[in-house]
Amino acid sequence: MPSYVLVGPHARDRAAAETAEGLMTSPAVTARAQWSIVEAAREMTRQQVKRLPVVNEAGHLVGIISRSDLLRVFLRQDSAIREEITREVLRDTLSLSSEEVQVSVVDGVVTLTGRVRQRSLIPIAMRLCQAVGGVVTVHGVLDSPGDDEFGAAETANPDSVVGYTQRH
């Protein structure tokens, strides 16, 4: 049977509480509506709470912010990740068209499918995609017409193997 230890100055009172008032933190830890997300996150960490009531200038409750609300701000949509990889990594940096390499993104997992001009571009594309914000993992199902002058030296490197998976 597990044993539970309550700590803190009011642990005994809280253990015997029968009302919300007996359990609540007083004074209330709140966030102001005009605070930045960073300010709210710091206050939650400082006060060791999972949720913060948000109040306006008059002190009236206008909402509640939770840890999951804060996390959602930093998670990127798959469509935004796909767009950045397609435009900035493949087109602008590597000069690869969407006909050569197709990009799919599901829950931050990127899959590159297609054919590149030079085998040496495969590990480069994989690494550049991995550096994009919000990417969890990159799978490459890429092919090339043959080795180029750099590809022959890369053959022993697992980063250059077709189907290689790069994890962050």
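**Note on the three-stranded sheet and helix α5**

1. In this predicted model, three strands form an open sheet in the order β1-β2-β3, with mixed pairing. Because β1 (31-32) and β3 (61-66) stand at the edges with a single partner strand each, one side of each is left without a neighbour in the sheet. Pairing here requires that DSSP finds at least two bridges between two strands; strands (E, at least two residues) and helices (H or I, at least four) are DSSP runs numbered from the N terminus.

2. β1 pairs with β2 (residues 51-55) in the parallel sense over two bridges, and R32 stands opposite V55 in β2. The pairing of β2 with β3 is antiparallel and runs over five bridges, with L52 opposite I65 in β3. These two strands form a hairpin with five residues between them, and G59 in the turn has a positive phi of about 85°.

3. Helix α5 (residues 78-93) has a kink of about 30° centred on I85, where the bend is the angle between axes fitted to the seven residues ending at a residue and the seven starting there. Just after α5, S95 takes a positive phi of about 55°.

4. The buried residues of α5 (under 20% relative accessible area, 1.4 Å probe, protein chains only) are I81, E84, I85, V89 and L90, and they pack against β4 (101-106), β5 (109-115) and α6 (121-130).

5. Residues are numbered from 1 along each chain as its sequence is written, and side-chain values use heavy atoms, with hydrogens and water left out. Local features need pLDDT of at least 70 and side-chain atom pairs count only at pLDDT 80 or more, whereas totals for chains, interfaces and linings use all residues.

Technical notes. Buried means under 20% relative accessible area, exposed over 50%, partly exposed in between (1.4 Å probe, protein chains only). Contact means heavy atoms within 4.5 Å.
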